[in-house]
Amino acid sequence: GNTISYGYLYTIGSDGMNGKKLVSGSDPQNYSSSEVIYEGSDGVYKIGFDGSSNTKLFSEYDKATIRLSFDNTKIVGGDLDQSDIIGISVVNIDGTASKRLR
């Protein structure tokens, strides 16, 4: 797309223009050409690149990192200790069917 999401939820055009801080969050993943999902302080959210429609998708997901599946239907997250990944879980984008893989 034409927008890149990064860091603690900033967006910027692919031409380097129009940088904007949306919200405080982590692990932004582009969900569509106009939306990004991210991990907030109390769950996983979806927000428009313009800052509109900040919507909580689900609560109680405290993984150290989150990544969106290629088909945008699942979120994969890892549990870390001080030296290594100690578990990996997958959950549907709406928060249902959480499953520990490792």
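**A walk through the β4-β7 sheet**

Hi everyone, let's start with one pair of residues: S26 has E39, in strand β5, as its bridge partner. Please keep in mind that this is a predicted model.

That pair belongs to a wider pattern. Strand β4, residues 26-30, and strand β5, residues 35-40, run antiparallel and are joined by three bridges. N30, for its part, stands opposite V36 in β5. And what links β4 to β5 along the chain? A hairpin does, through four residues.

Now let's step back to the sheet. It is open, has four strands in the order β4-β5-β6-β7, and the pairing is antiparallel. Which strands stand at the edges? Those are β4 and β7, the latter being residues 55-59. Each has a single partner strand, so one side of each has no neighbour in the sheet. From one strand to the next, the twist averages 20°.

Next, have a look at K46, which sits in strand β6, residues 43-48. Beyond its neighbours within four places in sequence, K46 is in contact with Y31, E35, V36, I37, S53, N54, T55 and L57. Take Y31 from that list: it is 15 residues away from K46 along the chain, yet their C-alpha atoms are separated by 8.0 Å.

Finally, a word on confidence. The chain has a mean pLDDT of 77, with 79% of its residues at 70 or more. Where is confidence highest, and where is it lowest? Strand β6 comes out highest, at a mean of 85, while strand β1, residues 3-6, is lowest, at 60. Where pLDDT is low, the predicted coordinates should not be read in detail. Thanks for listening!

How values were computed
Residues numbered from 1 in each chain as written. Predicted model: local features only at pLDDT ≥ 70, side-chain atom pairs only at ≥ 80, totals over all residues. Heavy atoms only, no water. Pairing = 2+ DSSP bridges. Helix = DSSP H or I, 4+ residues; strand = E, 2+ residues; numbered from the N terminus. Contact = heavy atoms within 4.5 Å. pLDDT = per-residue confidence, 0-100. Axes fitted to C-alpha atoms, helices over the stretch in contact; angles between N-to-C directions.
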